[in-house]
Amino acid sequence: VGSEMCIRDSYSCGINSKGQLGTGDLEKKQSFTRVNLPKKFSSISPGHSDFCVGLAEDGSLWSWGSNSAGQLGISKEIKQVSIPTQIPNTQKFIQVSSGHQFALALDEDGHVWGFGLNSFGQLGLGDNENRNTPTMNEHLSDISFISSGIYHALCLDSHGDLWSFGYNSHGELGIGNLDARNIPSKVKNVDHITQISSGYHHNLVLDSQSRVWSFGQSAYGQLGHEDTQHRVEPTVIQNLENISQVLCGGNPPAGCHRR
């Protein structure tokens, strides 16, 4: 549901017990049903597994679905909403990325804001307390792109440096160990990064030489190294050249597009 272009109409289907389809009710939909968007959206980021956050063309944030951990960013008193509801904030945002019951949003000044579940430090705010409204990360600046995994996140700054925080039991933070971090840590041994993508517990990053690096869980071979060994540091994937885009899915899938 969504794209990086202007979204005039949105359609959703599937389970809807928390209003996560945004159709104004809680009924399961077996065919695509139109979502009444309040304005033109530039992207929609479905969270896992019962909410969505949308970015409007004017930079405002909207959310719908479950609010069990504050992932709607609106108020702790509200349990769920079934239609797109604006998140109160005066910032203009340019990107949003949702994980499991949490979301990150990037504003036009390069600041990262987090809200929702924070039990593993996945908001990167220096503690493990949930947030019910968007809270600016004071440990990050000059960020150009964000990507949320299931319980962790990556941030790319304008210098091509990579930062990570959150859950780390599979090495998904790429910092050389399995310790969770609630403050962003710089990922070493890889730089000049141009693209990032996070899956459930793994990541792919693309550097300026069109090389692909991967780290985190590899139980299904999703790191692309012809084995199932987890990687706690970014490791370049051999025999991949002239790659222009990387993309991670859930546990097994990962993909690269060649020029």
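These questions and answers look at the main pocket and one sheet of a predicted model.

Visitor: What volume does the largest pocket have?
Guide: The model is predicted, and its pockets are computed from it. For the largest pocket, the volume comes to about 960 Å³.

Visitor: Which residues that line the largest pocket are the closest to its centre?
Guide: The lining of this pocket holds 40 residues. Closest to the centre are Ser-45, Ser-97, Ser-147, Ser-197 and Leu-247.

Visitor: Which strand gives the most to the lining of the largest pocket?
Guide: Several elements give two or more residues, among them strand 7 (93–98), strand 11 (143–148) and strand 19 (243–248). Strand 3 (41–47) is also on that list. The top contribution is 6 residues, and it comes from strand 3.

Visitor: How many residues in the lining of the largest pocket are charged?
Guide: Sort the lining by class. There are 23 polar residues and 16 nonpolar ones. The charged class has 1.

Visitor: Which strands are the edge strands of the open sheet of 4 strands?
Guide: The order in this sheet is 15-16-17-18, with antiparallel pairing. An edge strand pairs on one side only. That holds for strand 15 and strand 18 (231–236).

Visitor: By what angle are neighbouring strands of this sheet turned against each other on average?
Guide: Direction is ignored for this value. The average turn is 15°.

Visitor: Which residue in strand 17 stands opposite Leu-206?
Guide: Strand 16 (residues 202–207) pairs with strand 17 (residues 212–216). The pairing is antiparallel and spans 5 bridges. Opposite Leu-206, in strand 17, stands Val-212.

Note on methods:
Residues numbered from 1 in each chain as written. Predicted model: local features only at pLDDT ≥ 70, side-chain atom pairs only at ≥ 80, totals over all residues. Heavy atoms only, no water. 1 Å grid on protein atoms, 1.4 Å probe; cavity = no way out; pocket = protein on both sides within 12 Å on 5 of 7 lines; lining within 4 Å. Points joined across faces, edges and corners; volume = space filled by probe spheres on them. Nonpolar A, V, L, I, M, F, W, Y, C, P; charged D, E, K, R; others polar. Pairing = 2+ DSSP bridges. Axes fitted to C-alpha atoms, helices over the stretch in contact; angles between N-to-C directions.
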